[in-house]
Structure formats: C-alpha cells, structure tokens
Amino acid sequence: MTLNAAYVGKVYPPTEPYLVGREKIREFAQAIGDVNPVFHDLAAARALGLPDLMAPPTFPFVITMRAMNKAMFDPEIGLDYTRVVHGEQSFEYSRQLVAGDEVVVDASIESIDSTGRNERLTVRAEVRTVAGEHVVTTRSVLVSRGTGAGGPAAATGRGSRDGGGRPGDTARASGAQDGPVRPGDALATGTFRVERPDLIRYCGASGDFNPIHWNERVATEVGLPNVIAHGMLTMAHAGQVVTVWLGDPTRLESFSVRFTAPVVVPDDGKGVKLGVALALAEMPADGRVRLDLAAAVDGGAAVLDQAIAVVRGV
C-alpha cells in the first residue's frame, strides 16, 4: 500500500500539554547511558544557569513522537508501522528542554516521496511551552520499506536505515586538542555496546515500542535480517560524544543525522559495538562551530551519514 501524497501539508491538532519531569529525564539519560551530571544532578544543572535538570539533546523525540503517532497511525496516510524505520532526524533548538517545562507539539506532514522500493514520510514538529515560547523544531523522516514503486524490500534489509548503541563509556579521544583546533582535526571518540536488554530499556524510556526493535519474528517478516536497534539510540550516543567534548550541553544549537544502515543486534549475549568519532568541520566568523560525526559498528560498516552538530561559543 503506497502512502497518500494528497495529505502533504496536513496539520494535526496540538498535543495535550506534556510536563517534563526530573525522573523522566533521569530515566532517559540512564537508558542511553549518559552520566553527564546536568541530566541527573540539580546542583550541576543550576551551576550552568539552568532552573532545573536539562533533558539530553534527543529527549524531545519522546515528546514529538506523541504527535508523530497521529501521522503514523492516520488511516488517510496509509502507513504500515511494522515497515517503518528511521531515515533521518534533526533538531533545531531555541533552547534546551528542562524539568518543569510544560509543552505542546504542533505536527504536520512536510513531504511524502518515493525512493525506489521505499517511500519517505517527513513529519515536522514544533515544540512550544504552553505560554507560546518556542523550544525546538524537529524533522523526522520515516522510511516505509517495500511500499514504493520498486516493490518489496530485499530480505537482507539492504536499503533500510536505523541504528543504535548500548550505553557505554564516552570520553575525549587520547589525541583531543587542548589548544587551538582547525577544520579537519579529530576532537573525541566514544564506544558503546548494545545488547537486546538495552533495546527494551530504550523502548520504555522513549515510548518507541516498534516490534522490529524487540521481536525477531516481526523484524524478519518485514525483510530485516534480525532485530535492529533504534536509530534514535545511535543519535543519542553520537550526541553524547558531542556534549562530553563541549562541556556545556546548552551550547548545542542544532543536531541532525541520516541513518544509512541498520544496527543489527544478535541475541547472543555479546551484542554489537558502536564507535563514534567527532571532528571539527568549520568555524565561521559568527562564533558558531560545525562539528561532523561518524559512526560505525563492528567490522567498519558506517551507520550514520551527514551527521552534523552546530554549537556556539567554542
């Protein structure tokens, strides 16, 4: 069943207000393995001038997914949820979410297009406080596998996109620069391992219970080689490398990735290792800095492309 492009531009009613809570922030940070004190400790957050705990940079997806569900399960759009993988994701922040924020989300269908055997649905979401203050804009590209004109997706899962990584240790690279840096310089690395229980933990923290992330039968029935990790888990780990290097996560202005391959998670008690590398891309005169990220799993297969973070005041 193909997606109904006649509904491009459709705007959904605002969501009910969502109150961001301290314990939800802590739960999410634990699920992605991020020990940054600003996500856990009130004193650390206030030391950065924040009124309360800051939410990790990808946390807004927890809230926008509630609005995206209106599109994903809209019978007029015709999306089969079991065939959905994450294609791309972006965040543009006016500021970071903090505990105590009460927000609503306005979602709309920005585009529907076809790329061979797959279709892509782009959902734009605006997160604002109930008082009208803009917090973050997100764009989520959802790939409907095998519903395009090219026919069903191959059983190998080739062409699908999604990823993930287990909470693990993230640190500055041994060669991290303490002095001036130049475009092309390596800044930091991080390594993460994912196993099946980690996917369940992230399901609960994020609210994304798509069965391709925990049910092997469903995953293989829709053409994937096995259960795959959430793309947003990969993005969360990549973001962790950025914020550890940056020191002050409030300086993150935008963050975007394209998922290029699924992170397949075997049920063997070992899982799979994800490596993330951060490099300086450019330093324009306006004081903002563009950072490039690369991520790959065991064996060297890249799982992210066009992964970019823009930060200020470095």
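1. Tyr202 is a good place to start: its relative accessibility is 2%, so this residue counts as buried (under 20% relative accessible area; exposed is over 50%, partly exposed in between, with a 1.4 Å probe and protein chains only). This is a predicted model, in which local features need pLDDT of at least 70, side-chain atom pairs count only at pLDDT 80 or more, and totals for chains, interfaces and linings use all residues. Residues are numbered from 1 along each chain as its sequence is written, and side-chain values use heavy atoms, leaving out hydrogens and water.

2. Three aromatic pairs turn up in the whole structure; rings of Phe, Tyr and Trp (its six-membered ring) pair if their centres lie within 6.5 Å, with planes under 30 degrees apart called stacked, over 60 edge-to-face and the rest tilted. Phe28 and Tyr202 make a tilted pair, with 5.9 Å between centres and 55 degrees between planes. Phe28 belongs to helix α1 (residues 22–31) and Tyr202 to helix α4 (residues 196–206), so their pairing ties together parts 174 residues apart in sequence. Helices here are DSSP runs (H or I, at least four residues), numbered from the N terminus.

3. Phe28 is buried too, at 0% relative accessible area. Ring pairs join Phe28, Phe59 and Tyr202 into a cluster.

4. Phe59 reappears in the largest nonpolar core (buried Ala, Val, Leu, Ile, Met, Phe, Trp, Tyr and Cys joined through side-chain atoms within 4.5 Å). This core has 87 residues, and Phe59, Leu121, Phe255, Leu278, Leu291 and Leu293 touch the most other members. Helix α6 (residues 231–246) gives the most to this core, nine residues.

Methods
Helix = DSSP H or I, 4+ residues; strand = E, 2+ residues; numbered from the N terminus.
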